[in-house]
Amino acid sequence: MKQCLIVDDSRIMRKIARKILEELKFVIDEAEDGAVALDHCRQSMPDAILLDCNLPTMSGVDFLRMLRREPSGAKPVVVFCMTENDIAQVTEAIGAGANEYLIKPFDKEIVQTKLAEVGLM
């Protein structure tokens with residue numbers, strides 16, 4: 001089974017994402033901010049990361065840049081999550097190493113489609 005790390009400071013969003021991803025047969029870990037997520041990745045690199053753009057301690061883009069510099073940091077597929085379709089933010093995230101992006105709120109069908117597009121389904 002594939003592992004996914006959900007990185008979001010909102011407990012509700014993590015719970016919603018966990019439910020969707022578990023239904024898609026992912027093993028889930030959670031992190032409430034970029035620092036915790038980076039520590040987690042250094043210990044066990046996931047197959048996928050669902051990454052919120054607005055995080056405490058460091059932004060989603062800053063986390064992504066740091067992740068991609070890690071020894072196995074190129075491995076995970078990163079899906080960047082945001083609340084509005086901000087082209088500048090999407091461009092910055094893709095430039096930092098995001099593979100795909102989602103607009104919140106999302107549902108199982110949208111997540112499944114995005115994960116299929118990046119080869120995880």
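Begin by selecting Lys 25, which lies in the loop between helix 1 and strand 2; helices (H or I, at least four residues) and strands (E, at least two) are DSSP runs, numbered from the N terminus. This is a predicted model, in which local features need pLDDT of at least 70 and side-chain atom pairs count only at pLDDT 80 or more, while totals for chains, interfaces and linings use all residues. Residues are numbered from 1 along each chain as its sequence is written, and side-chain values use heavy atoms, with hydrogens and water left out.

Phi of Lys 25 is near 70 degrees, a positive value in a residue other than glycine, and Lys 25 is exposed, with a relative accessible area of 58% (buried means under 20% relative accessible area, exposed over 50%, partly exposed in between, with a 1.4 Å probe and protein chains only). Move next to Thr 57, in the loop between strand 3 and helix 3, where phi is again positive, at about 75 degrees, although Thr 57 is not a glycine.

Now display the sheet, which is open and has 5 strands in the order 2-1-3-4-5, with parallel pairing (two strands pair if DSSP finds at least two bridges between them). Its edge strands, each pairing on one side only, are strand 2 (27-31) and strand 5 (100-103). If you select strand 1 (residues 3-7), you will find that it pairs with strand 2 in the parallel sense over 5 bridges, and that Val 7 stands opposite Ala 31 in strand 2.

From the sheet, go to helix 3 (residues 60-69), in which Gly 60, Val 61, Phe 63, Leu 64 and Leu 67 are buried. These residues are on the same side of helix 3 because they cover an arc of only 155 degrees around the axis, the arc being that of the directions from the helix axis to the C-beta atoms. They pack against helix 2 (34-43), strand 3 (48-52), strand 4 (77-82) and helix 4 (87-96), where contact means heavy atoms within 4.5 Å.

For the last stop, select Lys 114 in helix 5 (residues 108-117). Is this residue buried or exposed? Lys 114 is buried, with a relative accessible area of 18%, and, leaving aside its neighbours within four places in sequence, it is in contact with Glu 100, Tyr 101 and Leu 102. Lys 114 lies over the face of Tyr 101, at 5.1 Å from the ring centre (a charge sits over a ring if NZ of Lys or CZ of Arg is within 6 Å of the ring centre and within 35 degrees of the ring normal).
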